[in-house]
Number of protein chains: 2
Amino acid sequence: MNRLPANLYDPKCPSRLILDLVGSRWGMLMVCSLERGPVRANALIRAIGGISEKMFRQTARDLEKYGVIERRSFPEVPPRVEYSLTPIGHDLCRVIRSIETWVVENYEALIDHSEATAS
Amino acid sequence: MNRLPANLYDPKCPSRLILDLVGSRWGMLMVCSLERGPVRANALIRAIGGISEKMFRQTARDLEKYGVIERRSFPEVPPRVEYSLTPIGHDLCRVIRSIETWVVENYEALIDHSEATAS
């Protein structure tokens with residue numbers, strides 16, 4: 001379908017909603033937690049320390065809606081639900097990983113600066 | 001100062017606050033709007049379409065607190081306030097730019113997917 005190109009600096013452009021999702025704490029951590037392959041729902045919740053059931057469901061639903069992750073449910077007892085990255089999700093993961101790496105690498109300098117200016 | 005390394009998957013790790021800031025819509029757009037050099041406060045608000053005065057002040061204060069941007073005020077009439085990236089801010093900008101580029105490049109596919117699954 002033809003539409004205007006994305007413009008993140010235009011408040012009316014729907015690309016902002018995608019930026020919000022892929023930039024969100026839970027979106028980033030969920031995508032990166034699926035990097036190595038499908039993960040069962042329960043294990044995924046545990047991997048993303050501190051996420052609530054509600055935020056888990058909402059984030060998973062949003063990422064699924066845009067085709068970043070896939071949800072498969074297996075008719076087993078007990079029922080098994082697995083999430084995995086789609087090809088576009090793997091591509092996104094690579095980009096998000098660079099943000100994660102940046103935060104981890106620069107964490108000390110950033111915290112040191114915030115503590116120095118607070119005193 | 002010695003502290004534990006950052007672990008974004010630990011809900012108690014303060015690195016999460018930094019991830020929230022640098023992943024936020026306003027944080028990302030503000031950092032990237034300063035890529036080419038210092039920008040006056042008013043021009044910066046206009047560049048980041050749709051940001052409120054309140055969110056502008058809060059985002060600028062947080063980014064300044066962690067040493068990502070700098071605020072300079074000049075004793076002029078009318079008073080002039082400029083923001084600019086610090087060296088660490090320029091480094092962050094490079095990483096955020098890759099997220100922005102990803103969203104812009106994949107926008108159509110993501111929106112197409114969300115529309116196809118909605119119907």
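This tour moves from the whole pair of chains to the contact between them, and then to a few selections inside it.

**Both chains together.** Begin with chain A and chain B on display, bearing in mind that what is on the screen is a predicted model. A rotation of 180° with 0.0 Å of shift along its axis places chain B on chain A with an RMSD of 0.0 Å, which is the relation of a two-fold axis. To find where that axis runs, select Gly23(B), the residue of chain B that comes closest to the rotation axis, with its C-alpha at 2.2 Å.

**The contact between the chains.** Next, select the residues of each chain that touch the other, which gives 56 residues from chain B and 56 residues from chain A. Because 100% of the interface residues of chain B are also interface residues in chain A, the copies meet through the same surface. The area buried between chain B and chain A is about 5,000 Å², and carbon and sulfur atoms give 66% of that area.

**Polar links and the elements that carry the contact.** Two salt bridges are counted between chain B and chain A, and one to display is the pair Arg25(B) and Asp20(A), whose side chains meet with an N to O distance of 2.6 Å. Across the same interface of chain B and chain A, 16 residue pairs are found in polar contact. On the side of chain B that touches chain A, the elements that give two or more residues are helix H1 (15-23), helix H2 (25-33), helix H4 (53-65) and helix H5 (87-118) of chain B. Colour H5(B) separately, since this helix gives the most to that side, with 23 residues. By class, the side of chain B that touches chain A holds 32 nonpolar, 12 polar and 12 charged residues.

**Helix H1 of chain B.** Now select H1(B), which is mostly covered, with seven of its nine residues buried. The buried residues in H1(B) are Ser15(B), Arg16(B), Ile18(B), Leu19(B), Leu21(B), Val22(B) and Gly23(B). What do the buried residues of H1(B) pack against? Their partners lie in both chains: helix H1 (15-23), helix H2 (25-33) and H5 of chain A, together with H2, H4 and H5 of chain B.

**A last stop at Ser114(A).** Finally, move to helix H5 (residues 87-118) of chain A and select Ser114(A) there. Is Ser114(A) buried or exposed? Its relative accessible area is 10%, and since buried means under 20%, Ser114(A) is buried. Leaving aside neighbours within four places in sequence, Ser114(A) is in contact with Lys65(B) and Tyr66(B).

Notes:
Residues are numbered from 1 along each chain as its sequence is written. Chains are lettered from A and ligands numbered from 1 in the order in which they are written. This is a predicted model: local features need pLDDT of at least 70, side-chain atom pairs count only at pLDDT 80 or more; totals for chains, interfaces and linings use all residues. Side-chain values use heavy atoms; hydrogens and water are left out. Contact means heavy atoms within 4.5 Å. Buried area is the accessible area (1.4 Å probe) that two parts lose on being put together, summed over both. A salt bridge is a side-chain nitrogen of Lys or Arg within 4 Å of a carboxyl oxygen of Asp or Glu. A polar contact is a pair of N or O atoms within 3.5 Å; within protein, one must be able to donate a hydrogen and the other to accept it, and residues adjacent in sequence count only if both atoms are side-chain atoms. Helices (H or I, at least four residues) and strands (E, at least two) are DSSP runs, numbered from the N terminus. Ala, Val, Leu, Ile, Met, Phe, Trp, Tyr, Cys and Pro count as nonpolar, Asp, Glu, Lys and Arg as charged, and the others, Gly among them, as polar. Copies are superposed by least squares on the C-alpha atoms of residues with pLDDT of at least 70 in both. Buried means under 20% relative accessible area, exposed over 50%, partly exposed in between (1.4 Å probe, protein chains only).
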